[in-house]
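User: Hi! I'd like a close look at one part of this model, with the surroundings filled in afterwards.

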Amino acid sequence: MTESTYRIQGATGEWEVVIGLEVHAQVTSNAKLFSGSATAFGAEPNSQVSLVDAAMPGMLPVPNMECIRQAVRTGMAIEAAINKWSRFDRKNYFYADLPQGYQISQLYHPLVGEGSLTIEADEKAGIPEPKVIGIERIHVEQDAGKLMHDQHPTMSYVDLNRSGVALMEIVSRPDMRSPAEAGAYLSKLRQIVRYVGSCDGNMDQGSMRADVNVSVRRPGDEFGTRTETKNVNSVRFVMAVVESEAKRQVALIEDGGKVVQETRLYDPDKNETRSMRSKEDAHDYRYFPDPDLLPLVLDDAFLEECRASLPELPDAKRARYVDGLGLSAYNAGVLTNDVDTARWFEALLAATASAQNKPEADVAKQAANWLLSEFFGALNKLGKDLSSSPISPEGAAELLALVGNGTISGSIAKQVLEKMLETGDAAGVIVEREGLKQNSDTGAIEAVIAEILTKNADKVEQYRGGKEALFGFFVGQTMKAMQGKANPQIINELLKKALAG
Amino acid sequence: MTGLTDLGLIAIRDGVAKGEFTAVEVAQAFNAAVAEAQEALNAFIVTTPEAALAAAEKVDATRAAGKELGKLAGVPIGMKDLFATKGVQTSAASKILEGFTPQYESTVSQKLWDAGAGMLGKLNLDQFAMGSSNESSAFGPAISPWRRKGDTAALTAGGSSGGSSAAVAARLCPAATGTDTGGSIRQPAAFTGISGIKPTYGRCSRWGIVAFASSLDQAGPMAHDVADCALMLEAMAGFDPKDATSLDMPVPDWSALLNADLKGKKVGIPREYRIEGLNADVAKAWDDGIAWLKDAGAEVVDISLPHSKYALATYYIIAPAEASSNLARYDGVRYGLRDLPDGANLQDMYAATRAAGFGAEVKRRILIGTYVLSAGFYDAYYTQAQKVRTLISRDFEEAFRQCDVILAPTAPTPAFALGEKSNPLDLYLGDVFSVPASLAGLPAMSVPAGLSSDGLPLGLQIIGRPFDEQGVLNAGLAIEQRAQFSAKPEKWW
């Protein structure tokens, strides 16, 4: 494997950066990890709080197996070992957003063991080859509530809506060596959980956030002392944290200082990290097995269901698009990048194949090209995306079928698409109503051509004299005369014949 | 007629069903007894005479309508103030929860109400169930109705379920709920001449019971006799999906299957419990118990529980460890006491609230628990204790290859006077016989065996295999029939 060549240039030489990420991903589930409360984002404060979430006296946690299932499926998607026997531990500390006075987590026996994912090669970003990033473990745990400091001049309020929401903590190995690798890892992880459906990956809503562990060393040396920057909530910020924190550490060391193991916070406005608490005042969390919960024991049937319900994952899908559908690696990459795009594309592909009565492989390029070069642009202009698209894959397939069977030309198809977006009408209806059907009547086209050749006798002369570039001019004139509705292939054929005289 | 308050649970249930008296008459009689004794015995933290009457009226109406009556129809009971009761203060005998009124009902109490029982009030206990004398209650200890011969010193009713034992022994209620973490049902029952059973861990839901030590806490009934306990336990037990440690097993008809004939049964006598200097009265009661069980047809065998000597130390690591975490939620943020000194920040509020809201014994256990879970000490204490706990369970498994039930004293002494044991360790030592069964999660009960030389009740403990409450109750019944324990405290209140 080719190692990253990313280096921090210090005053005394080059430094290598070592990065590990702990990603907290909120499990997609209607209910919290240990209570029946709902988990909707943006609900009124304290409207999604059960007696258990508020830690009322005598309340007990009961595991929500849907959350466990999603974490197991995520583990399977990174080809990790699933631990059929795992256990919940309490992490004890006092804070106003933590009603129980402890977080139920899994320190000693996590649900998911060793796994990995592969980040793609990206020459421009300094990732010359695909790279495997190790994942140490995934465990499930409760989220805390939220303090609100802006509601009252002297008091803080507590919103417990998030209290008890299920999180997966996905812990990487310190295998990344550049901001780009860290960014690519987080993007890939987000892509996978979205495919699996275990997390919606909405980083701006806090559904996914990363603790970024950074250390620096002379290339090839032992690991240096790391710092952990908490709760970084975008790919861009993760990359920025790595860079600014690595530079800070290099400057510190070269100044004769020492990196201390500590927790830091990122300030995106200043693009710098600052110390939150050092190891000395780190909590002693007094982890111990939660006595309210029995060990979590998973049977084979449960695991089989988890595996059977896994969708085709991005790497496999991309390979299939290239090998099976004949798409370019680039297009396959774009189409599989996000699960929603891939789903839309596959629905379009199926509908297109069936509308044209052809195998998918035969229409894949048409569908892919149209989606990527026509439809995305058109949606973009409207400020929409696939999820808010007014056109369904079936509606789009109808449009593509009209092109495929020669009813309309590619350029007319653009007009039809615009009308479809405007009116919501079906492609066939628009073509019919606006009379956009392509003219393939050779007699009519021949008549028009004859007229144009007569009007432009001088140009015909020139063409016949060897100025073949004028061919385009005649095509254009013919098309214009026929309001763009003539079949371009037929125009070509007939023009060539007529000009050959 | 005998006073209604002298009747036990089944007698009341049957009398109401037959129309010998109404449920309301019963409730009134007990309400009066409760009111009369409250000042002297301090058995209740809150009395709820209206609740008892309302439940009784409902039962009478149900009966009048000719509808089927519940298992405990017409029986007013006392509820240990560790069970959350909707709309009624649930304090765990602490200042920190004083005035806390839950908007929910514990599973066990709800089951009892569903069976037709009514609530006379919330019973006193050691604060957060931590203690064995009731002296850690923030509202003063319950006082035993018993007194030593020729002495008026106030005696402990035991703990932590001391309000329950005092109230049942003084006939303020025919039965009461208790909870048992290391002996908190059995020891107070033994101290006051009543019966009480801690079922197998998981039989009774813990949902809605203020937690002390989650892996040990178990609810159970305290009543006049074995049959009453069996019936009440039937009403309390059962799978609860809201408690992940609840046993998903059917609840047997323990009371219908009671059988004091022990032919073919083997009773194990653990030689390690024969400790040096064992109280002579206790030793004699134990010997009596052995003779009675032989008389009932059982074969008595000598057994060994070699790790018994580590049980107390193990218990006093595990229980405080769990408690230190369980009690973290009492922080002044959401409910209960909040002490917010001027200019206090969050940490100051925590410190002030918890300093003011917890009693000395609770603080001691939080400190012990915090210590044994701390980095650097965890393995030496907590991990080690968990290993020993496994060995203690294994001791019992081995023993139950040779016997069906185990007979031992419930407590090493009869009840002591309040204030007599000022060193916490002396109190902890009193749990020596009750703690092993708790650590192993086994069903265990205490039944009265006789009186000590100074006239105080003594209890015998029967420990059974997991899920074999029936075996425990049957052996308890065999003892009960032969001990013929009929002594009652002379009324002085």
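Which domains does the domain assignment of chain A give, and where do they run? Please start there and then walk me through the packing and pairing elsewhere.

Analyst: Happy to. Please keep in mind that this is a predicted model. For chain A, the domain assignment lists domain 1 as 8–280, domain 2 as 312–434 and domain 3 as 442–500.

Let's look closely at domain 2 and domain 3 of chain A. Their C-alpha centres are 32 Å apart. The contact between them involves 4 residues of domain 2 of chain A and 4 residues of domain 3 of chain A. On the domain 2 side, the touching residues comprise 1 nonpolar and 3 polar, with no charged residue.

Chain A also touches chain B: 26 residues of chain A are in contact with 34 residues of chain B. The side of chain A that meets chain B is made up of 18 nonpolar, 4 polar and 4 charged residues.

Staying with chain A for a moment, there is an open sheet of 3 strands, ordered β5-β4-β15, in which the pairing is antiparallel. Its edge strands are β5 (102–105) and β15 (288–289) of chain A, each of which pairs on one side only. Strand β4 (residues 89–92) of chain A is joined to β15(A) by 2 bridges, and the two run antiparallel. If you want a residue to click on, Asp89(A) has Pro289(A) as its bridge partner in β15(A).

Now over to chain B, beginning with its strands. Strand β7 (residues 266–270) of chain B runs parallel to strand β8 (residues 299–303) of chain B, with 5 bridges joining them. Within that pair, Pro270(B) is matched with Ile303(B) in β8(B). The two strands belong to a right-handed β-α-β unit, with helix α8 (residues 280–295) of chain B as the helix. β7(B) is also joined by 2 bridges to strand β9 (residues 405–409) of chain B, again in a parallel arrangement. There, Val267(B) stands opposite Val405(B) in β9(B).

Next come two helix pairs in chain B. Two packed helices are described by the angle between their axes and the distance between the axes. Helix α9 (residues 311–326) and helix α11 (residues 360–372) of chain B have axes that come within 7 Å and cross at roughly 100 degrees. The range for roughly perpendicular is 65 to 115 degrees, so α9(B) and α11(B) count as roughly perpendicular to each other. From α9(B), the contact draws on Ile317(B), Pro320(B), Ala321(B), Ala323(B) and Ser324(B). Facing them in α11(B) are Arg365(B), Ile366(B), Ile368(B), Gly369(B), Thr370(B) and Val372(B). By class, this contact holds 7 nonpolar, 3 polar and 1 charged residues.

The second pair is helix α7 (residues 226–236) and helix α15 (residues 469–483) of chain B, which pack at an angle of about 160 degrees with their axes 9 Å apart. Angles over 145 degrees count as roughly antiparallel, and therefore α7(B) is roughly antiparallel to α15(B). Val226(B), Ala230(B) and Leu233(B) make the contact from α7(B), while α15(B) supplies Glu469(B), Leu473(B), Gly476(B), Leu477(B) and Glu480(B). Those residues divide into 5 nonpolar, 1 polar and 2 charged.

Finally, here are two backbone details in chain B to check by eye. The peptide bond from Gly159(B) to Ser160(B) is cis, with omega near 5 degrees. Ser160(B) sits in the loop between β3 (118–123) and α5 (162–169) of chain B. The other detail is Asn42(B), which is not a glycine yet has a positive phi of about 50 degrees. You will find Asn42(B) in the loop between α2 (23–41) and β1 (44–47) of chain B.

Conventions
Residues numbered from 1 in each chain as written. Chains lettered and ligands numbered in written order. Predicted model: local features only at pLDDT ≥ 70, side-chain atom pairs only at ≥ 80, totals over all residues. Axes fitted to C-alpha atoms, helices over the stretch in contact; angles between N-to-C directions. Helix = DSSP H or I, 4+ residues; strand = E, 2+ residues; numbered from the N terminus. Parallel < 35°, antiparallel > 145°, perpendicular 65-115°, else oblique. Contact = placed C-beta atoms within 7 Å. Nonpolar A, V, L, I, M, F, W, Y, C, P; charged D, E, K, R; others polar. Domains from an automatic or database assignment. Pairing = 2+ DSSP bridges. Right-handed = clockwise from strand over helix to strand, strands pointing away.
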